[in-house]
Amino acid sequence: MKIEAAKRIDQIPPYLFAEIDKKKEEMRRKGVDLIDLGIGDPDLPTPKPIIERLKNSSDDPKNHRYPSYEGMIEFRAAVVQWFEKRFGVKCSPQSEVLALIGSKEGIAHIPLAFVNPGDYVLVPSPGYPVYRVSTLFAGGIPYFLPLRKENCFLPRLSEIPEAIAQRAKLLFINYPNNPTSAIAEKPFFEEVVAFARRYQIIVCHDAAYSEVAFDGYRPLSFFEIEGAKEVGIEFHSLSKTFNMTGWRIGFAVGCSEIISVLGRVKTNIDSGVFQAIQEAGIAALDHFDTPLPEIIKVYEGRRDVMVNGLREIGLEVDQPKATFYLWIRVPKGYTSARFAALLLERVGIVATPGNGFGEEGEGYIRMALTVDEKRLEEAIGRLKRIKF
Ligand SMILES: Cc1ncc(COP(=O)(O)O)c(C=O)c1O
């Protein structure tokens with residue numbers, strides 16, 4: 001039998017990391033000690049009280065049955081409490097919160113809820129690849145909004161052609177930002193609310209890194225802005241906040257009509273988050289002040305080692321106020337892919353080529369601070385050995 005993938009699968013852009021992955025495997029086989037700064041996955045463990053709560057909760061037979069797709073009311077109530085404590089924003093646990101199997105799940109499903117074939121979706125470039133792919137899966141057309149250094153990596157909404165804005169259904173934004181590590185302040189979010197109202201566009205704010213912020217900086221929720229709740233949904237994650245990437249738990253907060261339609265997609269596709277994990281999520285949200293100082297201190301130390309070291313070498317990098325990513329300009333004469341390949345081949349350092357996040361990421365590489373300080377010092381030592 002001839003096995004033929006659906007056309008939507010063929011639409012997925014080519015896997016830009018394939019070449020790097022192949023080389024990584026080759027080097028590993030040769031016994032090269034790789035320092036992998038390519039992966040945005042915390043190396044630190046989940047805090048003990050959260051693990052303990054999972055252990056206890058997993059013994060309870062009531063948690064062995066199907067969970068409700070929208071999340072336990074106790075989990076949604078914990079979200080509401082945390083949201084008010086952290087951002088000063090009130091929400092209804094019944095109608096304005098939805099548990100997610102990681103924020104990726106919500107981001108991947110939201111175009112199915114709102115995008116008709118041929119609708120535009122405004123997608124940042126560079127950006128988290130799921131915005132583009134979920135748009136394509138829903139039959140939408142991604143319209144890329146360049147994030148450039150001269151604009152502090154914020155999209156210029158005024159430059160979106162009128163005809164595109166008129167036909168756009170969703171706008172994805174993400175601050176603190178992956179991969180650029182940029183942050184957004186109130187005036188930008190206010191502009192987003194006005195733009196969304198004017199063109200009747202649903203704002204999807206991806207706040208997965210809201211709790212990875214340094215030097216006392218506290219990222220905003222989009223909903224701290226007047227009128228934002230009427231036009232948007234915000235995706236949150238326990239993954240990076242509590243080192244829980246493997247647990248698969250996040251949530252969406254927002255306009256009740258948007259939450260309800262996304263919920264309708266979810267009822268038909270998944271069966272919610274394992275309740276024992278939701279109970280562990282409640283423990284996390286109830287018992288810890290976020291950003292979690294122990295985690296932040298570790299990333300701050302790593303950030304300082306890397307930023308200082310990279311600048312000493314002569315590479316151009318901004319000191320991030322949030323996220324555990326460094327967005328590094330490649331030296332003159334290199335493309336993102338060539339520079340990433342050079343680092344891998346010459347000194348066994350894995351970095352992600354910026355163009356993997358969209359065309360506008362060309363000219364950069366991304367490094368993740370997900371290995372310990374000693375290894376980062378070693379990485380800097382190795383980088384000093386090469387001439388760019
Ligand atoms: C910008 C951004 N959004 C969302 C996610 C998904 O996180 P999770 O599904 O673990 O909540 C990630 C993961 O790396 C991310 O970088």
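A residue counts as buried when its relative accessible area is under 20%, and a salt bridge is a side-chain nitrogen of Lys or Arg within 4 Å of a carboxyl oxygen of Asp or Glu. With these two ideas in hand, the predicted model can be explored, starting with D119.

D119 sits in the loop that links α5 (103-114) to β3 (120-125). This residue is buried, yet it has no salt bridge. The nearest side chain of opposite charge belongs to K169, and it is 4.6 Å away, whereas a salt bridge has to fall within 4 Å. D119 does have a polar partner: a polar atom of its side chain lies 2.8 Å from the backbone nitrogen of N116.

Next comes the ligand. It is surrounded by 15 residues, and the closest are D206, S237, S239, K240 and R248. Two of these closest residues, K240 and R248, reach the ligand through their side chains: a polar side-chain atom of K240 lies 2.7 Å from an oxygen atom of the ligand, and a polar side-chain atom of R248 also lies 2.7 Å from a ligand oxygen. K104 contributes through its backbone instead, with an N or O atom placed 2.9 Å from an oxygen atom of the ligand. Taken alone, the ligand exposes 400 Å², and the protein buries 92% of that area.

Finally, the surface offers a nonpolar patch formed by I9, I12 and F137, which together have about 230 Å² of accessible area. Of these residues, I9 belongs to helix α1 (residues 7-10). I9 is described as partly exposed because its relative accessible area is 41%, a value that lies between the limits for buried, under 20%, and exposed, over 50%.

Methods: Residues are numbered from 1 along each chain as its sequence is written. This is a predicted model: local features need pLDDT of at least 70, side-chain atom pairs count only at pLDDT 80 or more; totals for chains, interfaces and linings use all residues. Side-chain values use heavy atoms; hydrogens and water are left out. Patches are made of residues with over 30% relative accessible area and no salt bridge: like charges are joined within 9 Å, nonpolar side chains (Val, Leu, Ile, Met, Phe, Trp, Tyr) within 5 Å. Accessible areas come from the Shrake-Rupley method with a 1.4 Å probe; for residues, only the protein chains shown count as cover. Helices (H or I, at least four residues) and strands (E, at least two) are DSSP runs, numbered from the N terminus. Buried means under 20% relative accessible area, exposed over 50%, partly exposed in between (1.4 Å probe, protein chains only). A residue is near a molecule or strand if one of its heavy atoms lies within 4 Å of it. A polar contact is a pair of N or O atoms within 3.5 Å; within protein, one must be able to donate a hydrogen and the other to accept it, and residues adjacent in sequence count only if both atoms are side-chain atoms. Lys and Arg count as positive and Asp and Glu as negative; His and the chain ends are not counted.
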